[in-house]
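Subject: Structure handover

Hello,

Here is the structure I promised you. Please open it alongside this email, and then read on for what turned up.

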Amino acid sequence: MRFVFSSEELASLRMVSSVERRAAFCAKEAASKALSALDGTGDFRKVSVSLKADGTFAAVRRDVALRGQWRFYDRLVSAMVAVPSETV
């Protein structure tokens with residue numbers, strides 16, 4: 001976790017459930033992979049993720065902001081992001 005999340009993110013993740021911690025990891029991975037596909041840079045630490053209890057999240061890196069959704073199914077957690085068309 002400390003290799004993927006910033007100290008600020010880690011502090012906020014201490015206050016949430018294990019499902020939400022896994023969702024944050026999945027959200028960060030989804031955002032990083034989407035950004036990597038767009039411009040070739042997918043560094044986890046440069047992406048900041050914030051989860052919401054309604055199953056959505058925001059991922060931001062410098063001038064690019066992505067929105068996504070996360071879901072918990074039994075023991076599985078999934079996350080997906082939407083890439084704005086003007087970024088593609």
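Contact here means heavy atoms within 4.5 Å. With that cut-off, and setting aside neighbours within four places in sequence, A59 is in contact with A31, V47, S48, V49, V64, A65 and L66. Please keep in mind that this is a predicted model.

**The strands**

Start with β1 (48-51) and β2 (56-61). These two strands pair in the antiparallel sense, over four bridges. One pair to look at is S48 with its bridge partner V60 in β2. The strands β1 and β2 form a hairpin, with four residues between them. In that turn, G55 has a positive phi of about 90°.

Next come β2 and β3. They run antiparallel and are joined by six bridges. A59 stands opposite L66 in β3. L66 is also among the contacts of A59 listed above. This hairpin has two residues between its strands, and R62 takes a positive phi near 45°.

Then go from β3 (64-73) to β4 (76-82). Seven bridges join this antiparallel pair. Here R71 has S78 in β4 as its bridge partner. The hairpin of β3 and β4 also has two residues between the strands.

D74 is worth a stop. It is found in the loop between β3 and β4. Its phi is positive, about 55°, although D74 is not a glycine. Most residues other than glycine have a negative phi. Is D74 buried or exposed? D74 counts as exposed, because its relative accessibility is 68% and the exposed class begins over 50%.

**The cores**

The largest nonpolar core has 16 residues. Which of them touch the most other members? They are A31, V47, V49, F57, A59, L66 and V81. The elements that give two or more residues to this core are α2, β2, β3 and β4. The largest share, seven residues, comes from α2. Apart from this core lies another, of five residues. Its members include V4, L10, L13 and A24.

**W70**

W70 lies in strand β3. It is buried, because its relative accessible area is 9% and buried means under 20%. Which residues does W70 touch, not counting those up to four places away in sequence? The list is V19, E20, A23, L51, K52, G55, T56, F57, S78 and A79. So G55, the turn residue with the positive phi, is on that list, by the contact cut-off of 4.5 Å. S78, the bridge partner of R71, is on the list of W70 contacts too. S36 makes a useful distance check. W70 and S36 are 34 residues apart in sequence and 20 Å apart in space, C-alpha to C-alpha.

**R2**

Now turn to the segment before α1, where R2 is found. R2 is exposed, because its relative accessible area is 59% and the cut-off is over 50%. Leaving aside neighbours within four places in sequence, R2 is in contact with L10 and R45. L10 is one of the residues in the five-residue core. R2 and R45 are 43 residues apart in sequence. In space they are 9.7 Å apart, C-alpha to C-alpha.

**The pocket**

The largest pocket has a volume of about 240 Å³. It is lined by 14 residues. Which of these lie nearest its centre? They are S12, L13, V49, S50 and L51. The elements that give two or more residues to the lining are α1 (7-13), α2 (18-39) and β1. By class, the lining has seven nonpolar, three polar and four charged residues. Some of these names have come up before. V49 is in the largest nonpolar core, and L13 is in the five-residue core. L51 is among the residues that W70 touches.

**Where to look**

For a quick tour, take A59 and its contacts, then D74 in its loop, then W70 in β3. Finish at the pocket and the residues nearest its centre.

Best wishes

Notes
Residues are numbered from 1 along each chain as its sequence is written. This is a predicted model: local features need pLDDT of at least 70, side-chain atom pairs count only at pLDDT 80 or more; totals for chains, interfaces and linings use all residues. Side-chain values use heavy atoms; hydrogens and water are left out. On a 1 Å grid over the protein atoms alone, a cavity is a set of points where a 1.4 Å probe fits but cannot get out, and a pocket is an open set with protein on both sides within 12 Å along at least five of seven lines; lining residues have an atom within 4 Å of a point. Grid points are joined across faces, edges and corners, and a volume is the space filled by probe spheres set on the points. Ala, Val, Leu, Ile, Met, Phe, Trp, Tyr, Cys and Pro count as nonpolar, Asp, Glu, Lys and Arg as charged, and the others, Gly among them, as polar. A nonpolar core is a set of buried Ala, Val, Leu, Ile, Met, Phe, Trp, Tyr and Cys residues joined through side-chain atoms within 4.5 Å. Buried means under 20% relative accessible area, exposed over 50%, partly exposed in between (1.4 Å probe, protein chains only). Two strands pair if DSSP finds at least two bridges between them.
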